[in-house]
Amino acid sequence: MLLNRARLFLLVVLIIGGVVTIFAQNDPQAALAKKQAELDRQRIELEKKSLELRQKELDFEKARQEFQAQQSGRSLSMNLSGDVLFDYDKAALKPEAEQALKKVAVVLSQFPESKVTVEGYTDSKGTKATNMQLSRERAQAVKDWLVRNGGVLAVNISTKGFGEQYPIAPNKNTDGTDNPLGRALNRRVSIIVEKPATTVP
């Protein structure tokens with residue numbers, strides 16, 4: 001009887017010992033699985049950030065192409081049609097102007113330290129004084145939007161109005177008749193980005 005009890009006790013101890021051993025063997029595996037899961041999560045996060053960065057680069061390139069942005073040395077310029085942004089003879093932004101300005105903001109986000117100048121231009125209809133005032137107000141409206149919604153610092157952006165100066169197309173045909181297409185091209189807003197000089201170490 002005592003022998004049987006001793007055997008039973010030994011069997012229980014062995015079972016318990018076996019269970020303990022099993023847990024002891026499983027613990028490193030559980031820790032390894034947890035570590036692997038954490039590494040997988042970090043890898044997925046990095047891939048997600050890489051995709052987001054690539055998307056930003058694509059958005060930037062698309063916006064740059066759409067605005068036919070021209071780079072020369074340290075400056076980048078984008079021309080926006082005044083008719084896309086404003087109603088004729090008005091300085092208040094049209095609702096549909098937001099889509100165009102969002103693309104401008106994408107481009108400007110690539111140059112957060114740069115100085116930006118918004119230049120307004122008009123066609124030759126109306127008086128020179130009226131056109132000058134309108135061009136200034138339009139440039140200011142674009143600046144205000146970019147500061148409020150585009151993440152551009154107010155200290156980094158300035159405005160200029162040139163009125164009907166510096167046309168990029170004839171306002172009149174050679175026979176003196178009106179040239180609506182040319183005038184439409186002259187009604188524009190230019191955004192000039194002066195990229196900071198790269199310092200040589």
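Within strand E4, Ser 158 is the bridge partner of Thr 117. Helices (H or I, at least four residues) and strands (E, at least two) are DSSP runs, numbered from the N terminus. The model is predicted, with local features requiring pLDDT of at least 70 and side-chain atom pairs counted only at pLDDT 80 or more, while totals for chains, interfaces and linings use all residues. Residues are numbered from 1 along each chain as its sequence is written, and side-chain values use heavy atoms, with hydrogens and water left out.

## Strand pairing around E3

The pairing of E3 with E4 (residues 157–161) is parallel and comprises five bridges; two strands count as paired if DSSP finds at least two bridges between them. E3 is also joined to E5, in this case by seven bridges and in the antiparallel sense. Val 116 has Val 193 as its bridge partner in E5. E3, H4 and E4 together form a right-handed β-α-β unit, where right-handed means that, with the strands pointing away from the viewer, the path from the first strand over the helix to the second runs clockwise.

E3 is largely enclosed by the rest of the structure, because six of its seven residues are buried. Buried means under 20% relative accessible area, exposed over 50%, and partly exposed in between (1.4 Å probe, protein chains only).

## Overall make-up

The protein contains five helices and five strands, and their order along the sequence is α-β-β-α-α-β-α-β-α-β. Of its 201 residues, 31% are buried. Contact here means heavy atoms within 4.5 Å. Taking contacts between residues at least 6 apart in sequence, 71% join residues at least 24 apart.

## The nonpolar core

A nonpolar core is a set of buried Ala, Val, Leu, Ile, Met, Phe, Trp, Tyr and Cys residues joined through side-chain atoms within 4.5 Å. The largest one has 25 residues, and Leu 85, Leu 108, Val 142, Leu 146 and Ile 191 have the most contacts inside it. At least two residues of this core come from each of strand E2 (75–81), helix H3 (97–108), strand E3 (115–121), helix H4 (128–149) and strand E5 (188–194). The most is given by H3, with seven residues.

Beyond its neighbours within four places in sequence, Leu 108 contacts Met 78, Val 116, Leu 146, Val 152, Ile 191 and Val 193. Leu 108 also takes part in the packing of H3 against H4, where the contact is made by Glu 98, Leu 101, Lys 102, Val 104, Ala 105 and Leu 108 of H3 and by Val 142, Trp 145 and Leu 146 of H4. The axes of these two helices are 10 Å apart and the packing angle is about 65°; axes are lines fitted to C-alpha atoms, for helices over the stretch in contact, and angles run from 0 to 180 degrees between N-to-C directions.

## Ile 192 in E5

Ile 192 is part of strand E5 and counts as buried because its relative accessibility is 18%. Its C-alpha atom is separated by 8.9 Å from that of Asn 79, 113 residues away along the chain. Leaving aside residues within four places in sequence, the contacts of Ile 192 are Leu 76, Ser 77, Lys 115, Val 116, Thr 117 and Glu 119.

## Two buried arginines

Arg 187 sits in the loop between helix H5 (180–186) and E5, and Arg 183 lies in H5. Arg 187 is buried at 10% relative accessibility, and Arg 183 is buried with a relative accessible area of 10%. Not counting residues up to four places away in sequence, Arg 187 touches Leu 80, Ser 81, Gly 82, Asp 83, Tyr 88, Tyr 121, Thr 122, Asp 123 and Arg 138. With the same exclusion, Arg 183 touches Tyr 88, Asp 123, Lys 125, Pro 170, Asn 171 and Asp 178.

## Positive phi values

Most residues other than glycine have a negative phi. The table lists residues that have a positive phi although they are not glycine.

| Residue | Phi | Loop | Relative accessibility |
|---|---|---|---|
| Asp 89 | about 65° | between helix H2 (82–85) and H3 | 46%, partly exposed |
| Tyr 166 | about 55° | between E4 and H5 | 52%, exposed |
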